[in-house]
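Trainee: Could you take me through one part of this model slowly? I would like to see how its helices pack against each other, and whatever empty space goes with them.

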Amino acid sequence: MFGLMAIAFKSYLQPIIIMFTIPFGIFGAFAGHLIMGFDLSLMSIFGIVALTGIVINDSLILIDAINKFRDKGLSPFDAVVQGGCRRFRAIILTSLTTFLGLFPMLMETSVQAQFLIPMAISLGFGVLFATFITLFLVPALYLAIEDCKKLFVSLANFLMGNDSATAAYDEVV
């Protein structure tokens with residue numbers, strides 16, 4: 001998965017940002033099990049695997065929107081703001097429809113549905129928790145990495161004493 005995203009984004013750092021949200025989704029799934037009073041089961045693990053795909057998708061569309069605004073010549077901060085505004089509704093709707101679609105299963109009391117409830121808990125609560133992480137942490141990490149790139153270029157300029165580091169920065173960005 002990392003390799004495919006690295007090829008698509010032509011970057012090793014952006015897939016790390018995207019995959020950084022996965023543990024927060026898993027934490028949300030664990031918290032959901034605690035809140036609902038269910039133990040983890042094999043179906044919970046299946047739900048966590050499905051959750052990983054949804055969480056990655058949310059982060060992926062946000063980073064893609066930011067990159068498109070960067071390609072238009074916007075500064076990193078402006079691109080993050082515009083990308084966040086552009087994809088906010090899509091991320092929120094994906095998460096809320098997933099949770100609300102699973103809500104009837106979460107409240108189901110029939111014996112036939114009892115084995116599916118842990119999967120629904122993993123998906124529902126994990127998506128809810130990871131949504132807020134995606135909307136706040138992904139843009140913050142993106143800007144932090146951009147700041148680190150600028151610091152690297154400034155340090156390289158200082159150490160080399162010439163403008164060859166500026167060309168290196170253009171290759172990194």
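Mentor: Happily; here is a walk through the helix packing and then the cavity.

This is a predicted model, so local features need pLDDT of at least 70, side-chain atom pairs count only at pLDDT 80 or more, and totals for chains, interfaces and linings use all residues. Residues are numbered from 1 along each chain as its sequence is written, and side-chain values use heavy atoms, with hydrogens and water left out.

Two packed helices are described by the angle between their axes and the distance between the axes. Helices here are DSSP runs (H or I, at least four residues), numbered from the N terminus. Axes are lines fitted to C-alpha atoms over the stretch in contact, and angles run from 0 to 180 degrees between N-to-C directions.

Let's start with helix α3 (residues 22–36) and helix α6 (residues 117–160): their axes lie 7 Å apart, at an angle of about 135°. That makes α3 oblique to α6; angles under 35 degrees count as roughly parallel, over 145 as roughly antiparallel, 65 to 115 as roughly perpendicular and the rest as oblique. The crossing of α3 past α6 is right-handed, that is, the near helix is turned clockwise from the far one by less than a right angle. Contact means heavy atoms within 4.5 Å. On the α3 side, the contact includes F24, F27 and H33, and on the α6 side it includes P118, F125 and L137. The residues of this contact divide into 12 nonpolar, six polar and no charged, where Ala, Val, Leu, Ile, Met, Phe, Trp, Tyr, Cys and Pro count as nonpolar, Asp, Glu, Lys and Arg as charged, and the others, Gly among them, as polar.

α3 also packs on helix α4 (residues 42–71), at about 140° and with the axes 9 Å apart, and the two are therefore oblique to each other. This crossing is right-handed. I22, G25, I26, A29, F30 and H33 of α3 meet S44, I48, L51, T52, V55 and I56 of α4; the split is eight nonpolar, four polar and no charged.

Returning to α6, its packing with helix α5 (residues 76–106) has an angle of about 175° and axes 8 Å apart, so α5 and α6 are roughly antiparallel. Their contact holds 22 nonpolar, five polar and one charged residue.

Now for the empty space. A cavity is a set of points on a 1 Å grid over the protein atoms alone where a 1.4 Å probe fits but cannot get out, and lining residues have an atom within 4 Å of a point. The whole structure has one cavity of 30 Å³ or more. Q14, I17, Y142, I145, E146 and K149 line the largest cavity, and α6 gives the largest share, four residues.

Definitions and conventions:
On a 1 Å grid over the protein atoms alone, a cavity is a set of points where a 1.4 Å probe fits but cannot get out, and a pocket is an open set with protein on both sides within 12 Å along at least five of seven lines; lining residues have an atom within 4 Å of a point. Grid points are joined across faces, edges and corners, and a volume is the space filled by probe spheres set on the points.
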